[in-house]
Each structure stands twice: as C-alpha cells, then as structure tokens.
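Open the model in your viewer and keep the sequence panel beside it. The stops below are meant to be selected in order.

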Amino acid sequence: MTERIEAERFIPASAADVFAVLCDPQGHVAIDASGMLQDADGDIVGAAGDTFVVHMDRESLNDIPDYGKYDVTVTIEDFQRDRLISWSILGKVRPGMGHTYGYRLEPADGGTLVTSFYDWSNVSQDWKDSGIFPVVSVTNLSGTLGILDRAVRRGYARG
C-alpha cells in the first residue's frame, strides 16, 4: 500500500498567483475541502521553518469521536518560491506523527500544473497500524485543488 497520495490540476494562472494563496495561513483555510480548517493565526510564510497556527474542527470528518476542536501548529518544511511548499503539523499528539502535506507547482502553457500531496511514510508503525492513515483522501486533495483554482481565478484576497 502506498503511503503517499497525490492529486493534480491545471490552474489557468501563474505559479506566483497560486503560490501566494499557499503561503497565506488564511489561504489554507479558504481552500480546504475537508472542512477541518476553521481559521488561522500567523503571518504569510516566506521560508522553511516559518510557522502559523490553524484552528481545527475534527467533527467535519467524524472519524475520531470526541476529538472536536483543537489547534495545530504548521511548520513549513520545504519552501521553493513558486515551485514547492510542504509542511508538518503539531497538534494534540506530541511529538507529532510525522505526516506532511504540500504542493508542487510546474509552469505549463497558459497556467500552472499544481500537484497536492499528502505523505505519511515517516509515521511510526504504531500510528500506521492504528488505521487512521490517510487522514485525508485523494478526494479531499482534488476538492481542495478545485477550490484553489476558483480562489485564484477570482482574485484571492487575504481574508
């Protein structure tokens, strides 16, 4: 079984315009298709190591009873302007589980090919055996790409 899922979508916009949404904590909330991301605090990121806080609501997935509302700290792991951004999260579970999320952007005629990925290959075997991975589905990744496309085409403005 693969420990990484990906979805891709062509977005008729520049990589810089797409990347601007992905660097903004509020952008993550605005494009989330899972329904878990409710709000965020923090500045626009510009380098690996930057962090921000996302206020979550696990009830939208209804997969872990009584998990409810909580905060996670997002730490940027990879940052290549207009090309790649990835991050890990630290939430209720300490130390963090080790899964990462991210986007790879490739210039294409008339826009950008955007690949959203979710990787849990570095999660401990105990967590893998727990049955909660993947936390999000390829459908969630695809849905988020659709919302990202709409947000960029409509002229995303910081929320």
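The tour goes from salt bridges to an aromatic cluster, then to a pocket and one tryptophan.

This is a predicted model, in which local features need pLDDT of at least 70 and side-chain atom pairs count only at pLDDT 80 or more, while totals for chains, interfaces and linings use all residues. Residues are numbered from 1 along each chain as its sequence is written, and side-chain values use heavy atoms, with hydrogens and water left out.

**Stop 1: salt bridges**

Select Arg-104 and Glu-6. They form a salt bridge, with 3.5 Å between the closest N and O atoms. Arg-104 belongs to strand 6 (residues 100–108) and Glu-6 to strand 1 (residues 4–11), so the pair ties together parts that are 98 residues apart in sequence. A salt bridge here is a side-chain nitrogen of Lys or Arg within 4 Å of a carboxyl oxygen of Asp or Glu. Helices (H or I, at least four residues) and strands (E, at least two) are DSSP runs, numbered from the N terminus.

Arg-104 is partly exposed at 27% relative accessible area, and Glu-6 is partly exposed at 37%. The classes are buried (under 20% relative accessible area), exposed (over 50%) and partly exposed in between, with a 1.4 Å probe and protein chains only.

Add Glu-106, which forms a salt bridge with Arg-104 at 3.8 Å between the closest N and O atoms. Glu-106 is partly exposed, with 32% relative accessibility. Through shared partners, salt bridges join Arg-4, Glu-6, Arg-104, Glu-106 and Asp-119 into one network.

Now select Asp-149 and Arg-9, whose side chains meet in a salt bridge (3.0 Å, N to O). Asp-149 is in helix 4 (residues 138–153) and Arg-9 in strand 1, 140 residues apart. Is Asp-149 buried or exposed? Asp-149 is buried, at 5% relative accessible area, whereas Arg-9 is partly exposed at 34%. The whole structure has seven salt bridges.

**Stop 2: aromatic rings**

There are five aromatic pairs. For one of them, select Trp-87 and Tyr-101: the ring centres are 6.1 Å apart and the planes are at 15 degrees, so the pair is stacked. Rings of Phe, Tyr and Trp (its six-membered ring) pair if their centres lie within 6.5 Å; planes under 30 degrees apart count as stacked, over 60 as edge-to-face and the rest as tilted. Trp-87 is in strand 5 and Tyr-101 in strand 6. Both are buried, Trp-87 at 9% and Tyr-101 at 13%. Extend the selection to Tyr-103, Tyr-118 and Trp-120, which form one aromatic cluster with Trp-87 and Tyr-101.

**Stop 3: the largest pocket**

Keep Tyr-101 and add Met-36, Leu-37, Met-56 and Ile-89; of the 39 lining residues of the largest pocket, these five lie nearest its centre. Elements that each supply at least two lining residues include helix 1 (15–22), strand 4 (69–80) and strand 7 (111–119). A pocket is an open set of points on a 1 Å grid over the protein atoms alone, where a 1.4 Å probe fits, with protein on both sides within 12 Å along at least five of seven lines; lining residues have an atom within 4 Å of a point.

**Stop 4: Trp-127**

Finally, select Trp-127 in helix 3 (residues 125–129). Trp-127 is partly exposed at 31% relative accessibility. Beyond its neighbours within four places in sequence, Trp-127 is in contact (heavy atoms within 4.5 Å) with Val-93, Met-97, Ile-132 and Phe-133.
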